Amino acid sequence: MGSGWGVRTAHAAVSGALALTLFVHRTELRERGEPLRALGFAALVLGSVLLHWTVSLMDPGFVPQAGVSEEQEAMIPPLPKTVQLRRCGYCMVKQPMRAKHCRVCQHCVRRFDHHCPCIENCVGEKNHSLFVAYLAVQLVVLLWALHIAWSGLYFEGSWKWLKHNIFLLLSFVLMAIFTVVVVLLLASHLYLVSCNTTTWEFMSRHRISYLRHCETENPFDQGLIRNLWRFFCTCHLVAWEKMYFQEDSDPV
């Protein structure tokens, strides 16, 4: 918990410091004299910080200690012997399909994707869509910030210029690195979402029983449109066992 607050505070501090650097230097935020542009940028930065805190603090889909209830288990079609609802060896709950135990959070997480150190929280069924939204907003902030920083970089071959612009130059380099990282993360997650798979399933297919013994490459893939609709526009939890057997996936 302590490290989580440290990560959230560090993210807010770095975002604020980079934004402040763009405001105090002679960038277009100051030179154009357009307060609405500056206000819009500040609001977008604040929005990205709030999204980061929200994704970091929310429940990613922890499986309750009671595990799968009798009613939920009755909805699940009979599984073949090669595919069983396993009992977690750490917290001893009966895991729904696609759930995995996170040793950092010490909980089983529904539709586990990965534990993200950048938010100090798991990315799972309940917060994955908001995590992708955060990455998208963060990318817009970084691209706009790079444009603003570039507008203030008038390169001159002198130590005096470097002395007055060193923080702006360093901020530009740092934001460029962050942009590359966010682009790669966002692109990879959008690809996984479009296929209705997760990072854990993509990387560890050979170790996951319900994928290793499946006749199809991805039993949860329902096509691009339905995958995106289910991911971004569905609020309830999904009975993945029913989808696995090509039945309508009722909410849990």
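**Figure 1. Exposed and buried residues of helix α9 in the predicted model.** Ile225 and Trp229 are exposed on one side of α9, opposite the buried residues. Helix α9 covers residues 224-233, and its buried residues are Asn227, Arg230 and Phe231. These buried residues lie on the same side of α9, because the arc they cover around the axis is only 95 degrees.

**Figure 2. Helix α6 and its bend.** Helix α6 consists of 37 residues, from 159 to 195. At 1.5 Å a residue, a span of 54 Å is expected, and the end C-alpha atoms are 52 Å apart, which agrees. At Asn165, α6 bends by about 65 degrees. Asn196, just after the helix, has a positive phi of about 55 degrees.

**Figure 3. Nonpolar surface patch with residues of α6.** Val14, Val173, Leu174, Ile177, Phe178, Val181 and Leu185 make a nonpolar patch of about 520 Å² on the surface. Helix α6 gives the most to this patch, with six residues. One residue of the patch is Val181, which is placed in α6. Val181 has a relative accessible area of 42% and is therefore partly exposed, the range for that class running from 20% to 50%.

**Figure 4. Salt bridge between Arg37 and Glu28.** The structure holds four salt bridges, and one of them joins the side chains of Arg37 and Glu28, at 3.5 Å from N to O. Arg37 is partly exposed at a relative accessible area of 25%, whereas Glu28 is buried at 6%.

**Figure 5. Salt bridge between Lys126 and Asp59.** The two side chains meet at 3.4 Å, N to O. Lys126 is in the loop between β4 (121-123) and α5 (128-151), and Asp59 is in the loop between α3 (35-57) and α4 (70-75), so the pair ties together parts that are 67 residues apart in sequence. Lys126 is partly exposed at 40% relative accessibility; Asp59 is also partly exposed, with a relative accessible area of 30%.

**Figure 6. Salt bridge between Arg110 and Glu125.** The closest N and O atoms of this pair are 3.0 Å apart. Arg110 sits in the loop between β2 (107-109) and β3 (114-116) and Glu125 in the loop between β4 and α5, so that distant parts of the chain, 15 residues apart, are linked. Arg110 is buried, with a relative accessible area of 8%, and Glu125 is buried at 15%.

Methods:
Residues numbered from 1 in each chain as written. Predicted model: local features only at pLDDT ≥ 70, side-chain atom pairs only at ≥ 80, totals over all residues. Heavy atoms only, no water. Helix = DSSP H or I, 4+ residues; strand = E, 2+ residues; numbered from the N terminus. Expected span 1.5 Å × (residues − 1). Bend = angle between axes of the 7 residues up to and from the residue. Patch = residues over 30% accessible without salt bridge, like charges linked within 9 Å, V, L, I, M, F, W, Y side chains within 5 Å. Areas by Shrake-Rupley, 256 points an atom, 1.4 Å probe, with all protein chains shown as cover. Buried < 20%, exposed > 50% of the residue type's maximum accessible area, 1.4 Å probe, protein only. Arc of directions from axis to C-beta.
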